[in-house]
Structure formats: C-alpha cells, structure tokens
Amino acid sequence: MHLLRLFTATAAALCLSSACIPADLFDPPPAPPSPPPDVNLPGDRIKTNFGNLIIHPINHATLALGWSSKTIYVDPVGDAARFAGLPAANVILVTDVHADHLSAETLTALAIPNHTLIIAPQAVYDALPPALQAVTRVLANDATTNVEDLIIEARPMYNTTPERVNFHTKGRGNGYLLTTGDRRVYIAGDTEDIPEMRALRGIDVAFLPMNLPYTMTVQQAADAVREFKPTIVYPYHFRDSDLAEFSRWVGTDAGVEVRLREWY
Ligand SMILES: [Zn+2]
C-alpha cells in the first residue's frame, strides 16, 4: 500500500511534464514569416532573411537590385532598351549630376506614376524637370529615409586628391547604404577612399568605383576594401582599369570576395 501511494505520487508529478498536458496547451511556435518572393530579375542571388538580394549589373554606374519584393535601379542612364524586360523600379537612386549618373530622359521613361520613388541629392533634384521633382525625395549626406522595410542612408562621396577635388565636391553627391533586415549594401558613388568609407563595418555587398581621373586607383580601392572588409565587393564604374590588379591588391587573406562581372 505504501509503495502504491509512492507510485501514484510519482505518476502525478510526472503528469506535470508535457506528456500529461493536453496537446492544445502546447501551441507550436509561430512559423517564421516566409521570405517575400523574389522580383523577376536575372543576376547574382545572395540569400538574406528578406529573400534573395539580386544583383543585376547594367552598364558602368548603372545597375538594378532586387530585394524584399522591390526593384531598385541605381543611376539609370541610356536608352530604354537597357531596361527592357526588367521589372519596373519601385525605387530609383541617383548619386550625382554627371551624365553617366543622371539622365532626365531615362528617368522620365522609367519612373512609373504611383509606383516609383526617386531618391536623390539636392543638386540632382535641382536639375530635374518638375514632373520628376514631384516624385523625388531629396536626401542629403548622412540623412536616412525608408521605403517600407528598405532603409536608405545617403553617404558622402567625394574626391580627396588635390587635382581631382573639382570632379566631386563633398556634399553634392550621394553614395547610398541600403539596409533590409540584417543585410547591408553599400553603393559608393563616385568617390575616393574617404574616411567615411573606411569606417564602414558590417557591409555584405559593396559597389566601388575605380577609374582615373574621376574616382580612384585600383590600389586606393583595394586598400579601402582591406580596411572596411565587405563580404563581397563588386568593382563598377571602372572603364579600362586593371581589375586583375585590384583583385591582387585585395588578396585572399582579408576574407573579401571580389566579384568581377560584365559592366561594359
Ligand atoms: Zn561617374
């Protein structure tokens, strides 16, 4: 009898474990939200917690990104054939006023009413016709805005070498830092290896220019990369620069993957 009581007490104690609690008290943890569908854009795919980031080089400084169900164009210039078959842009980032970055004609062709937001520095805004100004949000260096879950920060971009400073004066143009979830993409714009670039950390994908006389040498770009250590770097805006030399200078010991793609 004594043993039976002990057994009963033990069984009751065990009933505090999950085996004796009705199953409906144990709701399964909510399923993680499924990632948003990818936009229909060809290119490199990089897995993120907001779906794939898609990298689609177009030409020189012009590229398209797909991320978190959004299509983002950067510095779209040239005729519409370059963009034929690509999804319409939700966001267009313009870095600067020069013709390899800004074309009001291309923007007019690509900006869809009630669908496309242009983000640009003041100098670009001032150069746009009123119809484009109406769909443009001005962002100064270091200012931040967002389009739903896409956070967009304007970064400084400028020359520092005395004979090049007139090409890009500090404050006129914007590089951009894009963040969605835990991933960050840096689009440097036309710049040299400025301290604001070298101080960046936690960059997953970086686009860096390297051409003379307008931006920087491959050695400058590689030296900056070795300091801020993006996980992946795409040289862009490089014309006939020696990308093999850039890759050599970056080396393999810094943990940075150099991705060379067709930009011309
Ligand atoms: Zn340029």
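This passage describes the secondary structure, the two sheets, one buried histidine and one helix pair of a predicted protein model.

Because the model is predicted, local features require a pLDDT of at least 70 and side-chain atom pairs count only at pLDDT 80 or more, whereas totals for chains, interfaces and linings use all residues. Residues are numbered from 1 along each chain as its sequence is written.

The secondary structure of the protein chain comprises seven helices and 14 strands. Here helices (H or I, at least four residues) and strands (E, at least two) are DSSP runs, numbered from the N terminus. Of the 264 residues in the protein chain, 37% are buried; a residue is buried if 20 or more other C-beta atoms lie within 10 Å of its own, exposed if 12 or fewer, and partly exposed in between, with C-beta atoms placed from the backbone. Among contacts between residues at least 6 apart in sequence, 52% join residues at least 24 apart, a contact being two residues whose C-beta atoms, placed from the backbone, lie within 7 Å.

Strands of a sheet pair through backbone hydrogen bonds, either parallel or antiparallel. In this analysis two strands pair if DSSP finds at least two bridges between them. One open sheet contains seven strands in the order β1-β2-β3-β4-β5-β6-β7, with mixed pairing. Its edge strands, β1 (44–48) and β7 (136–138), each pair on one side only. Neighbouring strands of this sheet are turned by 20° against each other on average, direction ignored; axes are lines fitted to C-alpha atoms, for helices over the stretch in contact, and angles run from 0 to 180 degrees between N-to-C directions. Within the sheet, strand β2 (residues 51–59) is joined to strand β3 (residues 62–67) by five bridges in the antiparallel sense, and His-56 stands opposite Ala-64 in β3.

Another open sheet of seven strands follows the order β8-β9-β10-β11-β12-β13-β14, and its pairing is mixed. The edge strands are β8 and β14 (257–258), each of which pairs on one side only. Strands β8 (residues 144–147) and β9 (residues 150–155) are antiparallel and share four bridges, with Ile-152 in β9 as the bridge partner of Thr-145. The hairpin of β8 and β9 has two residues between the strands, and Glu-148 there takes a positive phi near 50°. Strand β9 is also joined to β10 (residues 175–180) by five bridges, again antiparallel; Ile-151 stands opposite Thr-179 in β10. By contrast, β12 (residues 205–209) and β13 (residues 232–236) run parallel and are joined by five bridges, with Val-205 opposite Ile-232 in β13.

His-101 lies in the loop between β5 (91–93) and α2 (104–110). This residue counts as buried because it has 23 C-beta neighbours inside 10 Å. Leaving aside residues up to four places away in sequence, His-101 touches Ala-61, Asp-75, Val-77, Val-94, Thr-95 and Asp-96. Val-77 is 24 residues from His-101 in sequence, yet their C-alpha atoms are 6.4 Å apart.

The axes of helices α6 (residues 218–228) and α7 (residues 243–250) come within 8 Å and cross at roughly 30°. The two helices are therefore roughly parallel to each other, as angles under 35 degrees count as roughly parallel, over 145 as roughly antiparallel, 65 to 115 as roughly perpendicular and the rest as oblique. The contact is made by Val-218, Gln-219, Ala-221, Ala-222, Val-225 and Arg-226 of α6 and by Glu-245, Phe-246, Trp-249 and Val-250 of α7.
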